[in-house]
Amino acid sequence: MAAMMVGAVMWGYTMRPAERVCGGISYIIEDKDERLYVTERELDQVLQTAELHPVGKKIDKGVLHRIEQTIGHHPMVRTAECYTTPRDEVRVRITQRVPLLRVLIPGDTYLVDTDRKVMPARAAVKDNVMIATGAVGVQMATRQLADFAVWLQSEPYWEKKIDHVTVQSPKMVHLYLRSDAAHEAHARRLALGTIYGYERKMRKMRTFFDNSAEAIREKQYDEYDLRYKGQVIGRK
């Protein structure tokens with residue numbers, strides 16, 4: 001008997017993943033207990049304007065990436081992360097920018113954040129940060145003055161004494177004392193000259209305060225000049 005060969009044919013197919021449709025969106029503002037510069041409603045409006053609001057639409061990696069980029073470009077947002085939940089909801093997790101310095105110049109007011117970037121001065125921003133006025137350019141604000149503001153925050157002795165910084169020119173920077181500190185020092189401002197070397201100059205000024213309390217009570221100066229090495233000069 002002739003053997004009968006039976007061939008088996010295997011049919012294969014690839015299942016296409018089901019298309020995911022967004023059922024909702026939520027925002028997590030991680031640092032909202034410390035500051036709240038942007039609201040969920042505003043973020044929703046940002047996506048509506050960009051025609052990226054995902055609810056009821058198909059969602060994939062490309063959509064999530066575009067949402068993340070758009071939210072990340074908001075002037076009050078520092079970081080943005082966009083992902084989906086197992087229920088096909090879109091979630092956006094953000095952190096906000098942290099002000100470091102407030103610049104007040106004729107015709108403009110802005111903030112410099114801890115990343116040394118310019119950010120808008122919104123009414124919601126009430127952080128108690130150093131103020132700079134006068135001939136302040138963006139480069140000086142985001143570099144030398146930002147560095148000084150960081151240093152000032154790390155120095156409790158000086159942070160509670162300095163009210164604001166005024167830049168007359170790059171070669172003449174004044175620090176104005178708060179009213180109680182000015183009364184104690186019998187002077188209202190400190191002349192730094194250039195901002196460079198501020199740590200050395202401020203150490204010198206503190207040493208002078210600590211060792212000359214009795215002597216300065218008898219004087220009424222307008223300023224102390226710190227520009228000269230090894231000297232503090234009182235001027236009326």
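Which strands does helix 1 (residues 40–49) lie across? The answer is strand 1 and strand 3. The structure is a predicted model, and this report describes the protein as a whole before turning to one of its sheets.

## The protein overall

The protein has 236 residues, of which 39% are buried. Its secondary structure consists of 7 helices and 12 strands.

The accessible surface amounts to about 14700 Å². Carbon and sulfur atoms hold 51% of that surface. Among contacts with a separation of 6 or more, 52% join residues that are 24 or more positions apart.

## An open sheet

An open sheet is built from 3 strands, arranged in the order 1-3-2, with mixed pairing. Strand 1 (24–29) and strand 2 (77–84) are the edge strands, and each of them pairs on one side only. On average, neighbouring strands of this sheet are turned by 20° against each other, with direction ignored.

Strand 3 covers residues 89–96 and pairs with strand 1 in the parallel sense. This pairing runs over 6 bridges. One residue pair can be named here: Ile29 has Ile94, in strand 3, as its bridge partner.

## Helices and the sheet

Helix 1, which spans residues 40–49, runs at about 130° to strand 1. As stated at the start, helix 1 lies across strand 1 and strand 3.

Helix 2 (residues 61–72) also has a place here, since it packs on the sheet. The strands that helix 2 touches are strand 2 and strand 3. The direction of helix 2 makes about 160° with that of strand 2.

Notes:
Residues numbered from 1 in each chain as written. Predicted model: local features only at pLDDT ≥ 70, side-chain atom pairs only at ≥ 80, totals over all residues. Heavy atoms only, no water. Pairing = 2+ DSSP bridges. Helix = DSSP H or I, 4+ residues; strand = E, 2+ residues; numbered from the N terminus. Axes fitted to C-alpha atoms, helices over the stretch in contact; angles between N-to-C directions. Contact = heavy atoms within 4.5 Å. Buried < 20%, exposed > 50% of the residue type's maximum accessible area, 1.4 Å probe, protein only. Areas by Shrake-Rupley, 256 points an atom, 1.4 Å probe, with all protein chains shown as cover.
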